[in-house]
Amino acid sequence: MSRRLSLPGGSPVTVTISPTRGKAAAAAGDGSSSSPARDSAAVVRGGAGGSLTSPAPRHSLGSSTTTTATLQVSPIRRSGGSRYLGASRDGVGVGDSVGSAAEFVHYTVHIPPTPERTANSSLEAPAAASGAAAAGAEEEEVRPQRSYISGTIFTGGLNQATRGHVLNTSADGAARSVAASANMSCKMRGCDMPAFLGNGKGGGRSPCDCGFMICRECYVDCVNATGNCPGCKEPYNVNGSDTDDYSDEDEADDVSSSEERDQLPLTSMAKRFSMVHSIKIPSSNGGAGGGGGKPAEFDHARWLFETKGTYGYGNALWPKDGHGGGGETGFAGAEEPPNFGTRCRRPLTRKTSVSQGILSPYRILIAIRLAALCLFLTWRIRHPNPDAIWLWALSVTCEVWFAFSWLLDSLPKLCPVTRAADLAVLSALFESPTARNPKGRSDLPGVDVFVSTADPEKEPPLVTANTVLSILAADYPVEKLACYVSDDGGALLTFEALAETASFARVWVPFCRKHGVEPRSPEAYFGGGGGGHGQKRDFLKGKVRVDFVRERRKVKREYDEFKVRVNSLPEAIRRRSDAYNAGEELRARRRQQEEAMAAAGGGPLHGGAVPEAEATVKATWMSDGSQWPGTWITAAPDHSRGDHAGIIQAMLAPPTSEPVLGESGELVDTTGVDTRLPMLVYVSREKRPGYDHNKKAGAMNALVRTSAVMSNGPFILNLDCDHYVHSSSALREGMCFMLDRGGDRVCYVQFPQRFEGIDPNDRYANHNLVFFDVAMRAMDGLQGPMYVGTGCIFRRTALYGFSPPRATEHHGWLGTRKIKKLLLKRKNTMGKKTDREHNNDTEMMLPPIEDDDGTGVLRQLDSSDIESSALLPRRFGASATFVASIPVAEYQGRLLQDTPGAAQAGRPPGALAVPREPLDAAAVAEAISVISCFYEEKTEWGRRVGWIYGSVTEDVVTGYRMHNRGWRSVYCATRGRDAFRGTAPINLTDRLHQVLRWATGSVEIFFSRNNALFASPRMKLLQRVAYFNVGMYPFTSVFLLVYCVLPAVSLFSGKFIVQSLNVTFLALLLIISVTLVLLALLEIRWSGITLHEWWRNEQFWVIGGTSAHPAAVLQGLLKVVAGVDISFTLTSKPGTGDDGEDDAFAELYEVRWSFLMVPPLTIMMVNAVAIAVATARTLYSEFPQWSKLLGGAFFSFWVLCHLYPFAKGLLGRRGRVPTIVFVWSGLISMTVSLLWVYISPPAGARERIGGGGFSFP
């Protein structure tokens, strides 16, 4: 009845089958001998259809290993879910094909390339048979066991051998996973008997080819009733001929239950061939026909339902010439059906501009205010004040700078946009069953998530644990997700806390998947942090499962115990280390005594003296009795914070490619829930004295290399240890922008930073909404937002320093002359068509590497010279494994071929639906080598590749370099639920130090080659303006300090910045003020922020401009001129303690002394004293000048209003202000006041001051 054909994937094949009816049928056939129970088949291979090759393996650039695709063709039943059949007949209907004169049915069989069946297979029968046997031996069921990698800690470094230490842990979790993955019970409803396995040649299979598990009793009932399998609705093969020849490879492609099969959506391709799936050609003898000899008929009703009642083209795969088997030339091949979905393909993202009713007035007001400023400054310059020329000169200088600064800030805001992602389209494109991906495996690219921490004292391990748990529970394919935690301190506390996190994740992650809880950080979920402090969330909203409350209570108890275990780790580590160190001391003393006795000849020691024990090093011990290779509690050589070996530990091994369903015996009933966990890796890079480790940027580059060797996800998500995943679909939304049309030019997707634990009034503008919702959205309409250090999804090849595939150069004074360039050069095929066809899908094209100096010198990097190129070791280091991973990451990050604009350079659908390569010890040993302290020597890491070194704000510089090469970025502000949430310092001192670090980095950028004035032509003009403003804004503080003191000086001296209040001056000042207010209202309208948030931002701009920004300018100048290095301490992260509501904002009221507080406090006191002095002088003056008093008092009061949050912060909760603050501020205020009185005394008092005599009145 059937014959096994071994054909390459992606080749159309014609199989001619004749239903044999004795001798007459044999005579009407093609002349081949056939028994009554067999059919004769003639195979004609079609044209060289497009073949598909999977991406190159991780450790090689090109892989020639292929898997033979085996197909079993039968006119009675479908072979499986991974192929489809088409039937046609020349002039005869399908239903009459058997009863007609011609006894042939022509099948057009298209074998699509799937991850299990690749191209370039041999067509020879012996090779096919041997390949099938080999496949049957290799495709055994993989049972999850405890991985050697996940149970081993790898260490190594400078002058050290890489070692793997096997940890002693329990394997109960692995045993439970094995039991859960068996799933060998009957799938019939109401029956839980053990499944019945047939006795075919393969042994141990279900009775049907589809793999539907059924017990013996249910099997007998189905055979006696209809003879059809409940899973695939096909007749059972009672004779066992098909079962004997059934391959393990086909079995892996079938759906295990009818419910799962019914839930799979029918694609357009499947609907066209649904008619053919229902055709049954009866046999006269019934031996090989339908079940029990019953001839099956064409299910016309089902076909009408699936095809929506349409006939004609599109319902079957017709031959190119339109005939089934007639003609002299015979059947030439199959025509690929037209892709009707391409025309109606919905985009993954949408970009909408701000309403013109808001944007047009906004732009007009900017123009009006700019004109008013020009007229105002012109009038001020032309009308000096001869009575106070120095006061006039200072004020005019400051006003010119403020106008310039406002222009730099306003120009990039002319084109704000709003973006939205469509997750339904993403799921339909990448996770739906297709011809190339019949099982519907996820075709999404892999994502590696980086979490960085450095000090467990300032960054509590429980905070990092919550971030890791939210990542592991994210709504993304488990096998495509990997989490790497960088511990730059090498602390055992962080290591063991991460091990506890991995243990608790086995309970927390299945609970989140089963009930769909949000947010998926346990502290935010159980503590109500998802709705903010003071806001109670209803955790029962939308929950319908009756077991939710019970299981939530159990998981909450487990989390409380988990918190107690993590909080007790420091004391447990100390006690354990003391016990082991005491034992080591006793053994050392006993050894010394034995050596002393041996030296004395075995006799007693003279005088009974016991030799003193040598001082032993206090080591830090792990729980299995071995010394911790990282930083010890008591610093020692090779075990201090800046001197320790590199450490890598896979806490959770890479998951299997197939889902592992849970069972009901666990703490949470996970029946039908995938219990797999993403890979979790602990990384601590090697540190040695004499090497510059480059702080956070160096740690991130170490993670880039480690992840490239171990998982090599084409996209990277960077998170701080206190920023957890607040929306489980955040990764999918980011992928929508990366995989949509034009996504190959997107270097990163930046998410806004949202914070928790902020006081309701947001005293110090911690939310920073004006920057994230106004400035960043405005930059999104240009070339993209800047990188802000966390919550960002990167394209790995963009981090490697490659240029985008296409770029636009902007020339001319205003960048109006645009030149589009295609930077992706294809490999030269010497004009041979066969070479082009052969390399169409297999070649790995990398973008060219271009110098950052803008000279236009392109150095092309093709796949043919990846290993031999001398540039790669100089750029990326000497690791061949890492170099080999570069083209793989580039290929996996490509767009789909059917994406508009990506037909030539895209990847075929289904190319990533392949199991990930297993992680072995060799890969981990290679990862140890790439995190060594000397790996980056003589390479371009930190200069062009990875995170850029040389600035405390490495995030802004890294994003600037990418934009300078022509890349674009995207700002993804999710709707409904924030993508990520973190913590911010609510204490005044911590907040000022944070702003100081940012401002110092901006000053460094201004005095470096990263200044936007030296940008390449690939950066847009307004994008340059935005980046130039980043480096310029700290210098505004110098003029702001002067301008805040000028009102007080005006009140003390009785002079004003103008000679008289002219009508023109007042009118222009009124226009400038009114337009500023209107612009603020329009910004509030199109950005969605509130007036209160806008005003808080204005207040803290003055606070930071008079405190942290001047100090940043001074430090930046010292670094540039004198070479004084700048060092900063980590910002302390608030813990997750269960404090009451009264102590929720305890840090807000803490006053910690800092010299940054002196300038703003001095300004406040000087202005307050000036208002009092000027008011008293005016009241007791014979000729009071109220206009000058009102003018000076108004500006002084305006300064005090901006500094009000600062003054309130100094008062604390009960007015406890450090005495030194009042002393310094009072002394400075008195000195300034007395100096001014001496320089400009009141009228008639100069003689008494200079007369030298002091007299009482």
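This briefing covers two nonpolar cores, one small sheet and one helix of a predicted model. Local features need pLDDT of at least 70 and side-chain atom pairs count only at pLDDT 80 or more, whereas totals for chains, interfaces and linings use all residues. Residues are numbered from 1 along each chain as its sequence is written, and side-chain values use heavy atoms, with hydrogens and water left out.

**Nonpolar cores**
- The largest nonpolar core (buried Ala, Val, Leu, Ile, Met, Phe, Trp, Tyr and Cys residues joined through side-chain atoms within 4.5 Å; buried means under 20% relative accessible area with a 1.4 Å probe, protein chains only) has 78 residues, of which Val447, Trp508, Trp628 and Leu680 touch the most other members.
- Helix α16 (residues 492-515) supplies the largest share of this core, 13 residues; helices are DSSP runs of H or I, at least four residues, and strands are runs of E, at least two, numbered from the N terminus.
- A second, separate core of 70 residues includes Val709, Met786, Val957 and Met1019.

**Open sheet**
- Three strands form an open sheet of mixed pairing in the order β18-β27-β20, where strands pair if DSSP finds at least two bridges between them.
- Strand β18 runs antiparallel to β27 (residues 980-983) and is joined to it by 2 bridges, with Val725 having Phe980 as its bridge partner in β27.

**Helix α31**
- The 18 residues of α31 (residues 1036-1053) should span 26 Å at 1.5 Å a residue, which agrees with end C-alpha atoms 26 Å apart; the expected span is 1.5 Å times one less than the number of residues.
- Gly1054, whose phi is positive, near 75°, follows α31.

Methods
Buried < 20%, exposed > 50% of the residue type's maximum accessible area, 1.4 Å probe, protein only.
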